[in-house]
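User: Please take a close look at how the strands pair in this model. Afterwards, set that part in the context of the chain as a whole.

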Amino acid sequence: FFANYGKFGRAGPGCDLSSTAFKQDAPVNPADAIIDSGDIARAQSIAESYGFNAGGLESNGNTDLEEYALKLDWNINDNHRASLRYSNLVQDKLRIQGMGASSVSLSSYWYNHQKTVESYVAQVFSDWTENFSTEFKASYRDYSAVRVTDSTAPSIRIFFAGSEASPSGNSIYLGTEANTHGNTLLTKTWDYYAAGTLTLGNHDVKFGANYSDNDIFNYFGANSYGTYTFFGLNNFAAGRYSTYNLSKETSPGSIAADYSSSNLGLFIQDTWYVNNNLTLTFGVRGDRPDSSPAPAYNAAASNYFGYNNSKLFDGNFLIQPRFGFNYTFNSDRPTQLRGGIGLFQGDAPQVWIGNSYNTNGLNYVSYNYTSYQAGLPFSADGFNQPVPTTPGAALQNINFVANDFELPSIWKANLAIDHELP
């Protein structure tokens, strides 16, 4: 057996403020476009008057990582052996957002990324006869990535140049970063693999199948707390924004992508030992992806654009032929020429697939304003944002997949010569 344990910690990693728009040693001057300590203090004070803590420039979180693993090998008898592996990783990492040459952010805008990965793998290898052997493998992986914040305020950006109609220049970020208003990814993945190898004369024929099933929950609620920009601290204090964006769920939790992505693979390969010098390998593999349930059907959008938003895959196998060779020369020093060519399928682009579930035009609507609206007053409560009632103000966002969409695949070829030097 084998076991290991590791732990890493870093207390309060901060940011190099000298590379940001904050000028710590600049004289306090509310009238200029330089972000100084007085501007930071006033932004914090205004936020406090709205009822939320904007945070500061000092680090408000640690980075911690802990992992451990265990592997057990069992020689059952001369013909059978098994192995079991377990691993667990827990990570909590501070992510500092909004720092740049023309911006600075307060700690309410940052988040801790909490990740966990737990996996189990079991394998059994068996030699049933001199000519036939098998391998079976099953694995399970539980993954989570959650953005955790100290704030539920909206996303706020205060510019120090330009105009109310077109703010620009250096800026301060505070509140909750727009992509962190709701950001949780949970996956549970099962993988199964079975293969057999049959020796027939000078041929080794390997055949088998593998199946994977990935249960995915992805909650990405960008702009669901509201996202505002302001021209100057005075307008921030008055609640007079320059832009306002809101993505509003149509029902609690409706924005989440909650689905299962699966793939069935079948393969066969013949390794032919032509003679003592030449070995040829011929193979073919077929993969068929699927997802369930289908995304919610948006009839109006599908009829308008001519695409069925609930359709992802065509249900067909992608056939992947492959060929390889190895030739050993009769030479004083070992020399071989080897190469191969084949088609290989990649993993499903789950962001694209997931977008068909969390952006179907029915689960949320968005509102976008590029000027102040007196009827929609600024709210510092991310859970209580002003919702327009003007007919036609709500916009639907919808994701379509092309009718001929296939998982990414690539042809690969290689040619090499190996020679042992003196």
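Analyst: Helices (H or I, at least four residues) and strands (E, at least two) are taken as DSSP runs and numbered from the N terminus. The model is a predicted one, in which local features need pLDDT of at least 70 and side-chain atom pairs count only at pLDDT 80 or more, whereas totals for chains, interfaces and linings use all residues. Residues are numbered from 1 along each chain as its sequence is written, and side-chain values use heavy atoms, with hydrogens and water left out.

By these assignments the protein has four helices and 18 strands. Two strands are said to pair if DSSP finds at least two bridges between them.

A good place to begin is strand β9, residues 183-200, which pairs with strand β10, residues 203-220, in the antiparallel sense over 18 bridges. The two strands form a hairpin with two residues between them, and Gly201 in the turn has a positive phi of about 65 degrees. Beside this turn, Leu200 has His203 of β10 as its bridge partner, and elsewhere in the pair Asp191 stands opposite Ser212 in β10.

The pairing continues from both members of the hairpin. On the β9 side, strand β6 (residues 132-148) runs antiparallel to β9 and is joined to it by 15 bridges, with Thr134 standing opposite Gly196 in β9. On the β10 side, strand β13 (residues 257-273) pairs with β10, again in the antiparallel sense, over 16 bridges; here the bridge partner of Gly208 is Phe267 in β13. Read through these pairings, β6 is joined to β9, β9 to β10, and β10 to β13.

A helix also belongs to this picture. In helix α4, residues 350-358, the residues Ile353, Gly354, Ser356, Tyr357 and Asn358 are buried (under 20% relative accessible area with a 1.4 Å probe and protein chains only, where over 50% is exposed and anything in between is partly exposed). The buried residues of α4 pack, by contacts of heavy atoms within 4.5 Å, against β10 and β13, and also against β14 (278-292) and β17 (364-369). Two of the strands in the pairings above, β10 and β13, are thus among those that α4 meets.

Strand β10 is followed by a loop that leads to β11 (227-231), and Asn223 has its place there. The phi of Asn223 is near 70 degrees, a positive value in a residue other than glycine, and with a relative accessible area of 23% Asn223 is partly exposed. A second backbone detail lies in the loop between β14 and α3 (299-305), where Pro293 is found: the peptide bond from Ser292 to Pro293 is cis, with omega near -10 degrees.

Other strands with lower numbers pair as well. Strand β2 (residues 63-75) and strand β3 (residues 80-95) run antiparallel and are joined by twelve bridges, forming a hairpin with four residues between them, and in this pair Trp74 stands opposite Ala82 in β3. Strand β3 pairs further with strand β5 (residues 111-127), in the antiparallel sense and over 16 bridges, where Leu94 stands opposite Asn112 in β5.

The loop between β1 (2-10) and α1 (37-50) holds Asn29, and Ala33 has its place in the loop between β1 and α1 too. Asn29 counts as partly exposed because its relative accessibility is 33%, and Ala33 counts as partly exposed because its value is 35%. Asn29 lies ten residues from Asp39 in sequence and 8.3 Å from Asp39 in space, C-alpha to C-alpha. Ala33 touches Phe160 and Asn170, not counting residues up to four places away in sequence, while Ala33 and Ala47, 14 residues apart in sequence, are 20 Å apart in space, C-alpha to C-alpha.

For the chain as a whole, the C-alpha atoms fill a box of roughly 85 × 55 × 40 Å, taken along the principal axes. The radius of gyration, taken over C-alpha atoms, is 29 Å, whereas a compact globule of 422 residues would have one near 22 Å by the rule of 2.2 Å times the number of residues to the power 0.38. Buried residues make up 40% of the 422 residues, and among contacts between residues at least 6 apart in sequence, 72% join residues at least 24 apart.
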